[in-house]
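Visitor: Could you take me through one part of this model up close? Pick a spot on a strand and work outwards from there, please.

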Amino acid sequence: MLAAQLRQAEAQLTTARLDAQRNAAVLEKHDIRAPFTGVVIERSAQQGEMISPMSSGGFTRTGVCTIVDMDSIEVEVDVNESFIGRVRAGIKVDAALDAYPDWTIPGSVIAIVPAANREKATVRVRIRLEQKDARVLPDMAAKVTFSADETAKK
């Protein structure tokens, strides 16, 4: 009788291990991963909400949160159309955050977005910051000064 109870307990242990493996596989399918290391700055979904990788209508949410890669923060500035002819990729700039007006961060132009804003008569320019600093946060306001020497060269 003890041998039968032992076999039954061993069978239950095997079943419990299989259940644990199956549950771990199901749980792993519900992990949310990002393709980069970042910081969550906004949580869109709340506990109990339905989420889906694609919109299917109804009350299903497609975004769970907003993640920012703090190592790739850029500054986007609107440059007046009359000045855009003197701006090109690679020229040096100085950026000053409104939160820290006495601190200037060296940078350079990454690209000029090939579209103009008709209402404001501006063109968007992307700026790379040369110094990474924890004080620089997403959506901060900044003023950018283009190097006069660089813009004069053509």
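Guide: Val 113 is partly exposed, at 29% relative accessible area; that label covers values between buried, under 20%, and exposed, over 50%, with a 1.4 Å probe and protein chains only. Bear in mind that this is a predicted model, where local features need pLDDT of at least 70 and side-chain atom pairs count only at pLDDT 80 or more, while totals for chains, interfaces and linings use all residues. Residues are numbered from 1 along each chain as its sequence is written, and side-chain values use heavy atoms, without hydrogens or water.

Val 113 sits in strand β5, strands being DSSP runs of E at least two residues long, numbered from the N terminus. Skip its neighbours within four places in sequence, and Val 113 is in contact with Val 123, Arg 124 and Arg 126, contact meaning heavy atoms within 4.5 Å. Take Arg 126: it is 13 residues from Val 113 in sequence, yet their C-alphas are 7.4 Å apart.

Now follow the chain out of β5 (104–117) into the loop before β6 (122–129), and you find Ala 121. Its phi is near 55°, positive even though Ala 121 isn't a glycine. Most residues other than glycine have a negative phi. Ala 121 is also partly exposed, at 27%.

Past β6, the loop leading to β7 (142–146) holds Asp 139. Here's another non-glycine with a positive phi, about 70°. Asp 139 counts as exposed because its relative accessibility is 79%.

Asp 139 also turns up at the largest pocket, where Ile 73, Glu 74, Val 75, Glu 76 and Asp 139 lie nearest the centre among 15 lining residues. (On a 1 Å grid over the protein atoms alone, a pocket is an open set of points with protein on both sides within 12 Å along at least five of seven lines, and lining residues have an atom within 4 Å of a point.) The biggest share of that lining, 3 residues, comes from β3.

Then there's the largest nonpolar core, a set of buried Ala, Val, Leu, Ile, Met, Phe, Trp, Tyr and Cys residues joined through side-chain atoms within 4.5 Å. Of its 21 residues, those touching the most other members include Val 87, Val 109 and Val 125. β5 and β6 are among the strands that each supply at least two core residues, and β6 gives the largest share, 4. Val 87 has contacts that include Val 109, Ile 112 and Val 125.

Key. On a 1 Å grid over the protein atoms alone, a cavity is a set of points where a 1.4 Å probe fits but cannot get out, and a pocket is an open set with protein on both sides within 12 Å along at least five of seven lines; lining residues have an atom within 4 Å of a point.
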